[in-house]
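These are my notebook entries on a structure that I went through element by element. I record here what I looked up and what I found.

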Amino acid sequence: MLSNLLIGGRELPLWLSLLIPFVLAPALALVALRLVHALLDRVLAGSQARLLRRILADGRGAVRVTIALLAVEVALPAVDLPTAAEQAASRAAALGLVVAIGWALTRKVAAAFDAYLEGELGENADWLQRRRRTQLIVFRRLAVSAGITLTAGLVLTAIPAVRAVGLSLFASAGVAGIVAGLAARPAVSNLIAGIQIALTQPIRLGDAVLVEGEWGHVAEITATYVTIATWDQRSLVVPIGYFTERPIRNWTKTSAQLLDTVFVYVDYAMPVAELRAEAQRIVEATPLWDRRVFAVQVTDLKERSIEIRVLMSAANSGAMFDLRCLMREQLIAFLAEKYPRSLPQARLSVSGLQAA
């Protein structure tokens with residue numbers, strides 16, 4: 001039987017004595033925690049400690065559960081429970097405390113990463129910003145996965161029945177380990193690939209890449225796959241191991257700035273200087289050109305035309321695409337209006353005809 005709690009020489013009813021470890025102690029602990037949070041919020045309100053504020057704000061629910069269970073664990077000895085009941089209550093509180101601590105620590109670690117991940121990268125973000133963001137996202141996911149796995153492992157090993165079942169399975173079926181290893185090989189390889197990408201940076205968030213003949217930007221990097229947002233608003237989902245095993249074309253590996261060309265084929269009679277002057281007028285009149293590189297050169301001689309290359313630079317891949325389209329459109333209009341006879345044409349010479 002349960003013994004009632006004695007206060008001031010008087011015996012309290014059983015239901016009232018049970019309120020102390022399971023209601024009163026957690027309530028007092030939560031009130032104290034609320035006061036501590038309010039004090040810390042007030043202290044950090046006017047400071048520049050963005051990281052501390054984010055860590056303090058995130059995961060408060062997990063911290064409350066942890067403090068409440070800790071209060072239960074501390075207050076349990078105040079009630080004289082039978083041995084079996086006390087052990088069951090203590091074990092349940094201890095298991096809950098392990099889960100709550102793992103939950104709280106995982107949330108706090110994730111909050112530390114999230115404090116540096118606030119805001120979005122613009123199209124013109126430099127490669128160092130994209131590199132840092134990619135590393136933070138990959139390592140955040142790894143840290144959260146490790147926290148969940150470690151917490152689950154601690155809980156399972158703390159349950160005698162589950163621990164016994166696990167040990168017996170490993171002891172009686174060694175083949176199970178081999179099967180599990182083979183089954184987990186893709187997951188392990190993807191995990192290693194994710195770490196390699198975070199460290200070596202073959203791709204980063206926001207990079208313009210050409211993958212499987214599709215051009216787009218790296219929109220998401222997870223532990224198992226990479227999402228490429230293509231130019232036509234589709235999503236190309238690629239296993240993360242692909243980027244460590246196959247060649248890819250990264251247009252923004254070191255910089256978002258690009259060089260590209262437009263080829264024009266005209267007749268041999270076309271004055272190249274006039275075409276060069278018109279191309280220069282076009283690039284100088286548009287903000288798409290970043291004023292780094294410009295050149296117009298005859299790069300080849302065909303049987304019926306000459307090949308003229310217009311070399312241009314732009315701040316990013318989107319601006320370059322628009323600049324190339326603009327250059328083609330306006331050069332075609334210039335040739336059609338000013339030099340229509342200088343477009344590629346076939347010449348036929350007829351001689352030796354006499355009147356009958």
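I began with a term: a residue counts as buried under 20% relative accessible area, as exposed over 50%, and as partly exposed in between. Arginine 234, with a relative accessible area of 40%, is therefore partly exposed. I also noted at the outset that the model is predicted.

**Entry: salt bridges in the strand region**

I looked up the partner of arginine 234 and found glutamate 214, the two side chains meeting in a salt bridge at 3.0 Å, N to O. Glutamate 214 belongs to strand E4, whereas arginine 234 sits in the loop between strand E5 (225-230) and strand E6 (235-239), so the pair ties together parts that are 20 residues apart in sequence.

I then examined glutamate 212, which forms a salt bridge with arginine 246; their closest N and O atoms are 3.5 Å apart. Glutamate 212 is in the loop between strands E3 (208-211) and E4 (214-221), and arginine 246 is in the loop between helix H8 (242-245) and strand E7 (249-250), so this pair ties together parts that are 34 residues apart in sequence. Glutamate 212 is exposed, at 53% relative accessibility. Arginine 246 counts as partly exposed, at 47%.

**Entry: salt bridges of arginine 54**

How many salt bridges does a search of the whole structure find? I recorded 12. In one of these, the side chains of arginine 54 and aspartate 114 meet, with 3.9 Å from N to O. Arginine 54 lies in helix H2 (residues 50-57) and aspartate 114 in helix H4, so the pair ties together parts that are 60 residues apart in sequence. I checked the burial of both partners: arginine 54 is partly exposed at 22% relative accessibility, while aspartate 114 is buried with a relative accessible area of 16%. I noted further that Arg54, Asp58, Asp114 and Arg140 are linked in a network of salt bridges.

**Entry: two further residues of helix H4**

I turned to alanine 115, which is found in helix H4 (residues 83-116). Is alanine 115 buried or exposed? Its relative accessible area is 1%, and I entered alanine 115 as buried. Leaving aside neighbours within four places in sequence, alanine 115 is in contact with Arg50, Leu51 and Arg54. I also looked up isoleucine 55, which is 60 residues from alanine 115 in sequence and 8.0 Å from it in space, C-alpha to C-alpha.

Lysine 108 is likewise found in helix H4. With a relative accessible area of 19%, lysine 108 is buried, as the cut-off for that term is under 20%. Not counting residues up to four places away in sequence, lysine 108 touches Ile55, Leu56, Asp58, Gly59 and Val63. Lysine 108 and arginine 54 are 54 residues apart in sequence, yet 8.6 Å apart in space, C-alpha to C-alpha.

**Entry: helix H9 and serine 342**

Helix H9 (residues 272-284) has 13 residues and reaches 18 Å from its first C-alpha to its last, close to the 18 Å expected. I listed Val272, Leu275, Glu278, Ala279, Ile282 and Val283 as buried in H9. They cover an arc of only 135° around the axis, which puts them on the same side of H9. I found that the buried residues of H9 pack against strand E9 (289-301), strand E10 (306-314) and helix H10 (317-338).

Last, I located serine 342 in the segment after H10. Serine 342 is buried, with a relative accessible area of 6%. Not counting residues up to four places away in sequence, serine 342 touches Val266, Asp267, Ala269 and Met270.

Methods
Residues numbered from 1 in each chain as written. Predicted model: local features only at pLDDT ≥ 70, side-chain atom pairs only at ≥ 80, totals over all residues. Heavy atoms only, no water. Helix = DSSP H or I, 4+ residues; strand = E, 2+ residues; numbered from the N terminus. Expected span 1.5 Å × (residues − 1). Buried < 20%, exposed > 50% of the residue type's maximum accessible area, 1.4 Å probe, protein only. Arc of directions from axis to C-beta. Contact = heavy atoms within 4.5 Å. Salt bridge = Lys/Arg side-chain N within 4 Å of Asp/Glu carboxyl O.
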